[in-house]
Amino acid sequence: MKKYFKLLIITIISVMALYSCKLKQEVDKSNPFFSEFNTPFNVPPFEKIMAKHYMPAFEKGMADGRKEIEKIVKNKEEPTFANTIEALDRCDDLFITVRDVFYGQAEANTNDSLQAIEMEISPKISEYEDEKKLNPELFKRIKHVYEKRADSNLTPEQLFILENLYKEYVRLGANLSKEDQESLKKINQRLSVLTVQYDQNVLAETNNYKLFVGEDDLKGLPESLVASAADIAKAARQEGKWAFTTQRPSIFPFIQYSPDKELRHEIFNAYINRGNNGNEYDNNKILAEIISLRAERAKLLGYKSHSDIVLEPRMAKEPENVFNLLNSLWEKAIPVAKNEVVEMQKIIDREKGNFKLEPSDWWYYAEKLRKQKYDLDEEELKPYFKLDNVRDGAFTLANKLFGMTFSPMNDVPLPHPDAQAFEVKKADGSHLGVLYMDFFARASKRQGAWCLTYRTHKMDADQKEITPVVTNVFNFSPPAGNKPVLLTMDEVSTIFHEFGHALDMLNNKNSYNTTFVAWDFVELPSQLMEHWVTEPEM
Ligand SMILES: [Zn+2]
C-alpha cells in the first residue's frame with residue numbers, strides 16, 4: 001500500500017512536470033514513448049522503457065485523444081466516414097501504443113511498480129473509454145454516418161467497422177439517459193479495478209506458495225521435474241530441498257507421478273484455493289462484487305445477464321446456444337468419466353489403498369490406468385518433443401502450408417531476456433511481422449499461455465503499412481542445468497495452439513486500429529494448427 005501511495009505521488013509530480021513542459025510546447029524527450037522507437041521494424045525499445053515512462057505516456061495519449069475527439073465533435077461539416085469514424089480511429093495512436101506495450105508487459109513481465117500502475121491506470125482508461133462511448137455529440141455523428149451508410153461508397157472493411165461500431169455504442173449505453181450513463185461509468189470504473197485486483201491476487205498466491213519436500217518424497221517423480229524442483233528450492237534459499245509450486249509445469253506432473261497421497265492432496269488444495277485463503281489476497285469478496293456489478297450493469301443496459309451482453313457480438317450470440325453446446329458435451333463426457341472413476345477405484349482397491357478416489361488423486365490414477373490399458377507412459381514421449389524441435393516444427397508447418405519463413409533476430413529489443421525473436425516473411429520474401437516466443441514460467445508472468453500483439457497491423461494516415469509485432473507466451477519449466485527442455489504432448493499442443501493465434505495476427509490485413517473480432521471465432525486458427533500435431537505428415 002505504501003509503495004502504491006509513493007508511486008501515486010511520483011506520478012502526480014511527473015504529470016505536473018509534463019503539463020509544465022507542455023506550456024513550453026515540449027515533452028520529456030527521455031521518455032521512449034515520446035519519440036520514434038528507432039528499432040528494427042520499430043518494435044518497442046523494451047530495455048529503454050522504464051516503469052516511470054508509462055503514466056506520462058498514458059496521460060498524454062489520453063489528453064491527445066480528448067483533444068481530437070473535441071475537434072471531431074465541433075466539426076461543422078456533415079459527418080462522414082473520414083471525418084468521424086476514421087478520425088476517431090486515429091485520435092489516440094500514442095495511447096494505443098503505450099496501452100499495448102504496457103499490458104503486454106503487465107501480463108508477462110510484471111513487478112510491483114507495474115502492478116501499482118495497472119491499479120491506477122485501469123479506472124482512468126475505463127473513464128476515458130466511457131467518455132468516447134457515452135459522448136452524445138459523438139454518437140449523433142456516428143449514427144448519422146451509420147444511417148447514410150448505403151449511399152456512402154464505403155469499402156467492405158469500412159462498412160464492417162461502421163456497423164459494428166454503431167452496434168457497440170448502442171450495446172454499451174449510448175442511448176441511456178444521462179443519469180443512467182453516470183451510474184454506468186461508475187460501475188465500469190469499479191469493475192476495471194476489481195478485475196485487475198483479482199488477477200494480481202491470483203499471481204501473488206501462486207508466487208507465495210511452495211511445497212518443500214525432502215529426498216524421500218521424490219519417489220516416482222520424473223527426473224526433469226526433480227531437477228527443476230531442486231532449482232526452485234535453491235532460488236528460495238532452501239538448497240538441499242526440493243520445491244513444487246502451483247505453476248502448471250510443476251503441480252501437474254507432481255500429482256500425476258507422486259505416490260504420496262497426502263502431498264498430492266496438499267498441493268492440489270493449494271492450487272484450487274488460490275485467492276480463497278482469508279488473507280489479504282482473498283478474492284471471495286471481489287468476486288461477489290464483480291458478479292453483482294455485472295448483473296447491475298446488464299440490467300441498466302437492458303439485458304437479461306452479463307453473458308447476454310458479452311455473447312451478442314460473438315458467433316454464439318446468446319447464452320442458450322452456449323449451454324446447448326456444453327450440455328451436449330456433458331451428456332457424452334459424464335458417463336465416460338464415471339466409468340473411469342470405477343476403473344481407478346478398482347486400482348486403489350487392488351493395491352489395498354483403503355480410500356475413496358478424491359479429486360487430487362485423479363491424475364495419479366489416470367496415469368496408472370493409461371499404463372495398464374495402453375502401456376503408454378506420458379513421460380516416455382517427452383524425449384521426442386525437444387522444445388526447439390517443436391518450435392521449428394510449427395515454423396516448418398507454416399512454411400509448408402503458407403510459404404511463410406521465420407528467421408531468428410539477434411539485435412532486437414526483447415520483452416524479456418528469456419524471449420526469442422523471429423522475423424516473419426511472406427512466401428514472396430517480403431516482411432510480414434515480428435514474432436516473439438517467451439517459453440518459460442517465472443514469478444513475473446501470469447499463469448497459462450496466450451498470444452497478444454505489441455502492435456497490430458494497420459495503415460497509417462499516409463496509407464503506409466504498419467506491420468504487426470506479436471508475442472506467444474507460455475509457462476513451461478525452464479531448462480534445469482544444461483539439459484534440453486522436453487515437452488509433454490499437452491505442451492506441444494499448446495505451442496501449436498498459440499502459434500495458430502500468432503499466424504492469425506501476423507496475417508491480419510486490417511487498415512484501422514478499430515477491429516471487431518468475434519472472440520469465439522479466434523479459436524478456429526488455433527484449433528486448426530493444434531489438429532496438425534497428431535497428423536502423420538507432421
Ligand atoms: Zn486460444
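Me: Which helix supplies the largest share of the lining of the second largest pocket?

Reply: Good place to start! This is a predicted model, and in it helix H10 gives the largest share of that lining, with six residues. Helix H10 covers residues 248–257. Other elements that supply at least two lining residues each include helix H9 (223–235), strand S9 (469–476) and helix H18 (489–506).

Me: How many residues line the second largest pocket, and which lie nearest its centre?

Reply: The lining has 37 residues, and Pro-249, Pro-253, Lys-382, Thr-488 and Glu-491 lie nearest the centre. Sorted by class, the lining has 20 nonpolar, eight polar and nine charged residues. The space inside is about 950 Å³.

Me: Let's move to the metal. Which atoms coordinate the zinc ion?

Reply: Look for the donor atoms around the metal. Here they are NE2 of His-497, NE2 of His-501 and two OE atoms of Glu-523, at 2.1 to 2.8 Å. Along the chain, the donors follow the spacing H-x3-H-x21-E. His-501 sits in helix H18 and Glu-523 in helix H19 (residues 523–531), so this pair ties together parts that are 22 residues apart in sequence.

Me: What are the angles among the four donor atoms of the zinc ion?

Reply: First, the general idea: four tetrahedral donors would ideally make angles of 109.5 degrees. In this structure the angles run from 51 to 140°, and the site is irregular.

Me: Is His-501 buried or exposed?

Reply: For this you compare the relative accessible area with a cut-off: under 20% means buried, and over 50% means exposed. His-501 has 9%, so it is buried. Glu-523, at 30%, counts as partly exposed.

Me: Where does His-416 lie?

Reply: His-416 is in the loop between strand S3 (405–408) and strand S4 (420–425). With a relative accessibility of 13%, His-416 counts as buried. A polar atom of the His-416 side chain lies 3.0 Å from the backbone nitrogen of Asp-418.

Me: One more feature, the backbone angle phi. What is the phi of Lys-352?

Reply: As a general rule, most residues other than glycine have a negative phi. Lys-352 is not a glycine, yet its phi is positive, about 55°. Asn-354 is another such case, with a positive phi of about 60°.

Me: Where does Lys-352 lie, between which helices?

Reply: Lys-352 lies in the loop between helix H14 (319–350) and H15. Asn-354 also lies in the loop between H14 and H15. Lys-352 is exposed, with a relative accessible area of 72%, and Asn-354 counts as exposed at 75%.

Note on methods: Residues are numbered from 1 along each chain as its sequence is written. This is a predicted model: local features need pLDDT of at least 70, side-chain atom pairs count only at pLDDT 80 or more; totals for chains, interfaces and linings use all residues. Side-chain values use heavy atoms; hydrogens and water are left out. On a 1 Å grid over the protein atoms alone, a cavity is a set of points where a 1.4 Å probe fits but cannot get out, and a pocket is an open set with protein on both sides within 12 Å along at least five of seven lines; lining residues have an atom within 4 Å of a point. Grid points are joined across faces, edges and corners, and a volume is the space filled by probe spheres set on the points. Helices (H or I, at least four residues) and strands (E, at least two) are DSSP runs, numbered from the N terminus. Ala, Val, Leu, Ile, Met, Phe, Trp, Tyr, Cys and Pro count as nonpolar, Asp, Glu, Lys and Arg as charged, and the others, Gly among them, as polar. Donors are N, O and S atoms within 2.8 Å of the metal (3.2 Å for Na, K and Ca); water is not among the atoms, so sites may look incomplete. Four donors count as tetrahedral if all angles lie between 85 and 135 degrees; four count as square planar and six as octahedral if opposite donors are over 155 degrees apart and all others between 65 and 115; anything else is irregular. Buried means under 20% relative accessible area, exposed over 50%, partly exposed in between (1.4 Å probe, protein chains only). A polar contact is a pair of N or O atoms within 3.5 Å; within protein, one must be able to donate a hydrogen and the other to accept it, and residues adjacent in sequence count only if both atoms are side-chain atoms.
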